[in-house]
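Biologist: I'm new to this one, so could you pick a single part and take me through it slowly? I'd like to hear how its pieces fit together.

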Amino acid sequence: MKGAGQMQNLERAGAGRSVSTQTGSMTGQIPRLSKVNLFTLLSLWMELFPAVEAQRQKSQVKKTGLVVVKNMKIVGLHCSSEDLHAGKIALIKHGSRLKNCDLYFSRKPCSACLKMIVNAGVNRISYWPADPEISLLSGASSSEDAKLDAKAVERLKSNSRAHVCVLLQPLVCFMVQFVEETSHKCDFIQKISKTLPDANVDFYSECRQERVKEYEMLFLISNEELHKQILMTIGLENLCENPYFSNLRQNMKDLILLLAAVASSVPNFKHYGFYSGNTEQINEIHNQSLPQEIARHCMVQARLLAYRTEDHKTGVGAVIWAEGKSRNCDGTGAMYFIGCGYNAFPAGSEYADFPNMDDKQKDREIRKFRYIIHAEQNALTFRCQEIKPEEKSMIFVTKCPCDECVPLIKGAGIKQIYAGDVDVGKKKADISYMRFGELEGVSKFTVSRYTLFSNILSIMLFGILLHSLVIPALLKSFNKLLSLSLLLCASICLMTNVVFRISAL
Ligand SMILES: Nc1ccn([C@H]2C[C@H](O)[C@@H](COP(=O)(O)OP(=O)(O)OP(=O)(O)O)O2)c(=O)n1
């Protein structure tokens, strides 16, 4: 996430309103995402966690994302499963540790979940003000139940200590433009654009447009009257009058635009994905690497976190997940959240405690590099779970891990790194990225093109060779039955390999 180009635009557009340009090398403050909006966006994004189980028939219960926050730090990222709502999962996973936590839901939770989380002593429950978990938009026969549930939720809300509310905040000036511009320029898009033969193809903008449509359908009720009716039913009549109603919809639309921009910066584009560059390891790692959709999902979480950076120029986000030995109750399957962070000055420091200058500043003493805690360092420091050596743990970082962080990641026992690699091998004045390339014992996955066709071609050539040379020879020397069974085995192996490689995409 680079701010320089964007800052020029901001200054042009906003006549330097929120921008201070103190020196030639410091481009000024970049717009920052509030914590509340970050948690809200992550809850929406968790609703979109790739399905790990077959979806049953269309249900009245909508999939819901949830972010659990303790002392303003994320301690859980969840989404509902086929059997359990998000609130119930929070209860199973956190139990009495939910006391004094803030919970951010992508839909207003149902009464069954609310009564339990209120009982656990949570501090605040924030939800996205659209269709609730028990959908009010589905068929007439079930809508009576949904309305009854909404009433029960209101009764629980008015009699509980926890504050059940909508915590959306308007984005700061130029935040959406900033996110769009920096997403367009981010490592992953740059990497793909460089390898495309047609430099004019703006696949990022096309992808963003599609995502905007998709997310508006999911998270916004297009018919304003219907939206008002739902707000009335879920106890938000205060938001139904203008200008509050139009402001609310504008805030919701802005957050959806932001989410679409960030999601498109880690695109599902043709044969590109997170692959290991080491060809010798491909087969071994292939079995262990995450499905592409899940890897992309976690990287988008890291990209969202990067917009909380305190670095005036470069935002970096990191998130650590692990894969348990067996599936758990979460909609995330065997995956569970360990920790997350972004680059910032030491916790508790005040504005202007530390320098913000980069390596273009001649005086080395007043540069930022000795003071900033890197995204990976914050994710490791404030993790809420231990990293178990027997489990597969993985870190997703929006930028290449620097030489300071590579040994930390390895030492912490993290098994896989998914990262941007635009800076690999670079040695800058105060920070260098030399060790990532040489790192051994940790699998590295960066965006590259999957060469499916050459792989299939080589398997086919092998198959043809087997059929034309080996099998006739065998036919001569052994009995026919044995040869035919060998032929069958070879064909099955060939087919399985092809199917496996296609499904890995
Ligand atoms: N894996 C990484 C890599 C970097 N950072 C942080 C530390 C610094 O806050 C910032 C440094 O980024 P750059 O190396 O891009 O340096 P500059 O910000 O000076 O940018 P430039 O590339 O123009 O030199 O990013 C991080 O948190 N995690």
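Modeller: Happy to, and keep in mind that this is a predicted model. Let's look at the place where two domains meet. The C-alpha centres of domain 1 and domain 2 are 21 Å apart. To find them on the chain, go by the domain assignment: domain 1 covers 29-169 and domain 2 covers 173-270. Where they meet, 21 residues of domain 1 make contact with 20 residues of domain 2. On the domain 1 side, helix H2 (35-47) and helix H5 (140-158) each bring at least two residues to the face that touches domain 2. H2 is the top contributor there, giving five residues. As for what that side of domain 1 is made of, you'll find 14 nonpolar residues, two polar and five charged.

For some context, the assignment also lists domain 3 (292-347 + 354-450) and domain 4 (458-504). Further along the chain there's an open sheet of six strands with mixed pairing, in the order S6-S11-S10-S9-S7-S8. Strands S6 (272-275) and S8 (335-342) sit at its edges with a single partner strand each, so one side of each has no neighbour in the sheet. On average, neighbouring strands here are turned by 20° against each other, ignoring direction. S8 runs antiparallel to strand S7 (residues 317-323), and seven bridges join the two. One bridge to look for pairs Glu323 with Met335 in S8. Helix H12 (residues 292-306) packs on this sheet, and its direction makes about 145° with that of S7.

Notes: Residues are numbered from 1 along each chain as its sequence is written. This is a predicted model: local features need pLDDT of at least 70, side-chain atom pairs count only at pLDDT 80 or more; totals for chains, interfaces and linings use all residues. Two strands pair if DSSP finds at least two bridges between them. Helices (H or I, at least four residues) and strands (E, at least two) are DSSP runs, numbered from the N terminus. Axes are lines fitted to C-alpha atoms, for helices over the stretch in contact, and angles run from 0 to 180 degrees between N-to-C directions. Two residues are in contact if their C-beta atoms, placed from the backbone, lie within 7 Å. Domain bounds come from an automatic or database domain assignment. Ala, Val, Leu, Ile, Met, Phe, Trp, Tyr, Cys and Pro count as nonpolar, Asp, Glu, Lys and Arg as charged, and the others, Gly among them, as polar.
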